[in-house]
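Visitor: I would like to learn how to read the contacts in a model of several chains. Could you take me through them step by step?

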Amino acid sequence: MRGVSVIGVGETQFGELWDKSFRELGIEAGLKAIQDAKIAAENVDALYVGNMSAGKFIDQEHVASLVADYAGLSDQHLPTIRVEGGGACGAIAIHQAAMSIASGVHDIVVVGGAEKMTDVGDLEAMQILSSTTDQEWESVFGATFAGLFAMMARRHMFEYGTTREQLASVAVKNHRHGALNPNAQFQREITMEMVLQAPMVAEPLGLFDCAPLSDGAAALVLCAAEKARKFTDAPVNLIGTGHASDVMAVHDRRDLTTIDATVIAGKRAFHAAKKTPNDVKVAEVHDNFTIGEILAVEDLRFVPKGKGGFATEDGETALNARISVNTSGGLKARGQPVGATGVAQAVEIVRQLRGEGGKRQVSGAELGLTHTLGGTGATAVVHLFARGD
Amino acid sequence: MTAGIVSYGGYVPRYRITPKEIGAVWGVDGEAMGKGLNIRSKSVPGPDEDVITMSVEAARSALRKAPHIDPKDVGAIYVGSESHPYAVKPTATIVAEAIEAAPILTAADFEFACKAGTAAIQTCMGLTMSDMYRYGMAIGADTSQGAPSDALEYSASAGAAAFVIGKDLAIATLNHTISYTTDTPDFWRREGQAYPSHGGRFTGEPAYFKHVLSCANLLFKRAGTRAEDYDFAVFHQPNGKFPVRAGKTLGFLDKQLETGLLVREIGNTYSAAIMVGLCAILDIAKPGQRIFAVAYGSGAGSDGFDITVTDGIDAIDRKAGRTMRAMVEDVKFLDYATYAKYRKKIRMKEG
Amino acid sequence: MAIPRFWREIPSRYNLIGSKCGNCGASDFPPRAVCPRCGRKSVGRMERLKLSGRGKVVSHTVIHDAPKNFDMMKPYVLAIVEMDEGLRVTSQIIDVEPGQVTIGMPVEVAFRKLGEEGEAGVIHYGYKFKPAL
């Protein structure tokens, strides 16, 4: 199987983008990536699009072909694939696209992720987000997406002594990073007090423990490693991917304080890349809720189980600390247009590895990781990227 | 051989509101209203409760007390109410599924204002005495509404009671039953109307008292008894005054009336009213004790029952589930705003 | 929610009907046709199991931001309950002050409204939990 490299990246602003439609966002990110890769339309062999719920948000299915059309690629008659997997769909799309290159079927593939969440009201948007939970045995009983993560947080606090302040420190850190990211939805720092005093969403999670509803898109151009140098001097290689699923309902999980899908996806990725968690200097993990990041840094084995809150509070995961987690601002501050998340995380890692991180550059970053969850943890995808030689 | 009560179970929601709290909103001395009605508080159903949920809880409570009853032997279930959640689709079918009596049984819902539950008891007596079925289940349940600021708002409340009727292993025999029924428009609700209407003072003498007293006297005659032959008496209780007045007129004493008079704490549970009173009596009655019960439903009619407790009552577990007293005393008081919200008196946005 | 979708689950929603594996004895809820632990060995050997309705809280939260269907109930307690049979379910805890719910608290099943398809639609019922007597 051939190696796969990233030769181009692109992303839109993330936020409440009233003026931009779903298709405009999709093509903006895609065209930026294509320009960044310095390729032409004719070079593209396929288009993969990660999108969770265009059908519910904007009544539109079949979005991969739509995006190809509006990007001006219709004359290429590309194979287009829309990938769904809850919040992990962008990361899964990257994996699917990479496999098509690794196997020799395609040479150059554009992977995009896009979501337009603000064309419906807030309440409806939250309900659509909840559709990735178990409808029959969780939602129908009144479980909300935040409520399910809140119960994981509560149990984590019960078993390990994690505190609300430690949860809050995730949000404070990520907003500090987001303030350095011109594409982030929130570019203002927040204080611990603001987080602790925010209205409750599902106890112990308050408004600032939760990622926002967002519009946005991101894209990568993937290329067979052996051909990457034709297009760029700074290819970034996708050196390992781990993709795992787990039981749907949180109540069926083996352990409420561990997302086994992350543990297994992480192990698979590190095994494929022949690397260890200690080798990672920069990571984008799935902080849809503050507890999400705490669980992620434990389940990816950056810190021991139960120590995620303490490590964050102690600054171990801040910009240029032992490991820089969510330099983009994470889902919390950068925003979370669901389909775009996995791809946007990759865009951030690629930029870091290229040395294009600007004010939020992680010094000496050579190995970066993305971690994306689907639903409450029924899917997890981990990608490892390394600077090409 | 006559039919009897094989088991019983009651249910009252835990929320309460006082007449004082209600009166304050309407510029009325609620405390005085309460004293006038002899009601200290009334029960309020929670937002996730209705006649169906309460009927199921009462039915399950009855079965929990008497685990010898196989739900599959319940051949008929009738639920009497004036606040069924569906105008068309019987409460009884959902109860049937929820106690695993389905599918081989007959079921229907009854309506006769506050005596729909006792009408169901009489029907089940007929079915089991004629050996059509081994057991019948009669339920009275209501989440009745009083129109805002109307006198009925101080008393209309929520509750349910389920009686399993049959011949074998009866804990109390239904020695006699007799009814008195006329066309009397004292209290009614037209289809589609949110709240009932009533004839004010017309609901007293020509309605409640005429039917209750007539029925009671017919029952005394049939049973060959007088008030002093009974240990307990329970009458329909739209407030805490009428049943006491009726009882006294018939020769009953306070101590006979006391146990069944739940209206003072939980209000008028309409179709469940006399039945929850009976549950409270059965919770403490001893074998051999005798009970006089006369229900009343507007429209109008009274069903009377002469009941004797048997040894069988000691064979069931009366503490399984909760006693009526425990439920009556498990309270959370609400303010009028929360009460109005729970009772859907606030107009919400459509769509 | 479509009518048949809810109707189909009535035995589980009303009566906590699950399954027990005739091969290894483990219980599942909702009922399964094949035991996830035993695979093929369990085919045709799955037995009907009615849960006792008793359990204890293993985690809980109070929902403040609720979907429209649950507007009247908020804030309400959501919990994961570990049933006596060893398996876990998710539902609301009722008849208790939100601040008084604790991990380890014993609970028992109650029958309540879960929601409805609007004022004119079908009403859905099912299990919630209240503090055990």
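Guide: Before we begin, keep in mind that this is a predicted model. Let us start inside chain B, which is divided into domain 1 (4–171 + 319–342) and domain 2 (173–312), with the C-alpha centres of these two domains of chain B lying 16 Å apart.

Visitor: How many residues of domain 1 of chain B are in contact with domain 2 of chain B, and which element gives the largest share of that side?

Guide: The contact joins 47 residues of domain 1 of chain B to 41 residues of domain 2 of chain B. Several elements of chain B supply at least two residues each to the domain 1 side, among them strand S1 (4–11), strand S6 (135–143) and helix H11 (324–329), while the largest share, 6 residues, comes from H5(B). Divided by class, that side of domain 1 of chain B holds 24 nonpolar, 17 polar and 6 charged residues.

Visitor: How is chain A divided, and how far apart are the centres of its domains?

Guide: For chain A the domain assignment gives domain 1 (4–121 + 214–228) and domain 2 (131–210 + 238–387), and the C-alpha centres of these domains of chain A are 23 Å apart. Here 37 residues of domain 1 of chain A are in contact with 35 residues of domain 2 of chain A; on the domain 1 side H4(A) gives the most, with 8 residues, and the classes of that side are 19 nonpolar, 14 polar and 4 charged.

Visitor: Turning to the chains themselves, which of the pairs in contact share the most contacts?

Guide: As general background, the size of an interface is often given as the accessible area lost when the parts come together. The ranking here uses contacts: of the 2 pairs of chains in contact, chains A and C share the most. Chain A and chain B are joined by no contact, and their closest C-alpha atoms lie 12 Å apart.

Visitor: What makes up the contact of chain B with chain C?

Guide: It takes 16 residues from chain B and 13 residues from chain C. On the chain B side, helix H3 (51–65) and helix H4 (91–98) each supply at least two residues, H3(B) giving the most with 4 residues. By class, this side of chain B has 6 nonpolar, 1 polar and 9 charged residues.

Visitor: How should I read the packing of two helices, for instance H1(B) and H2(B)?

Guide: One looks at the approach of the axes, the crossing angle and the residues that touch. The axes of helix H1 (residues 19–26) and helix H2 (residues 30–37) of chain B come within 7 Å and cross at roughly 130°, and H1(B) and H2(B) are therefore oblique to each other. The crossing in which H1(B) passes H2(B) is right-handed. Among the residues making the contact are B:Pro19 and B:Ile22 of H1(B) and B:Met33 of H2(B), and the contact as a whole divides into 4 nonpolar, 3 polar and 3 charged residues.

Visitor: And what is the order of the strands in the open sheet of chain C?

Guide: In general, strands of a sheet pair through backbone hydrogen bonds, either parallel or antiparallel. In chain C, 3 strands form an open sheet in the order S2-S1-S3, with antiparallel pairing.

Visitor: Why is one side of S2(C) and of S3(C) left without a neighbour in the sheet?

Guide: Strand S2 (27–28) and strand S3 (46–50) of chain C stand at the edges, each with a single partner strand, so one side of each lacks a neighbour in the sheet. Strand S1 (residues 17–21) of chain C pairs with S3(C) in the antiparallel sense over 5 bridges, and C:Ile17 stands opposite C:Lys50 in S3(C).

Terms used:
Residues numbered from 1 in each chain as written. Chains lettered and ligands numbered in written order. Predicted model: local features only at pLDDT ≥ 70, side-chain atom pairs only at ≥ 80, totals over all residues. Contact = placed C-beta atoms within 7 Å. Nonpolar A, V, L, I, M, F, W, Y, C, P; charged D, E, K, R; others polar. Domains from an automatic or database assignment. Axes fitted to C-alpha atoms, helices over the stretch in contact; angles between N-to-C directions. Parallel < 35°, antiparallel > 145°, perpendicular 65-115°, else oblique. Left-handed = near helix turned anticlockwise from the far one by under 90°. Pairing = 2+ DSSP bridges.
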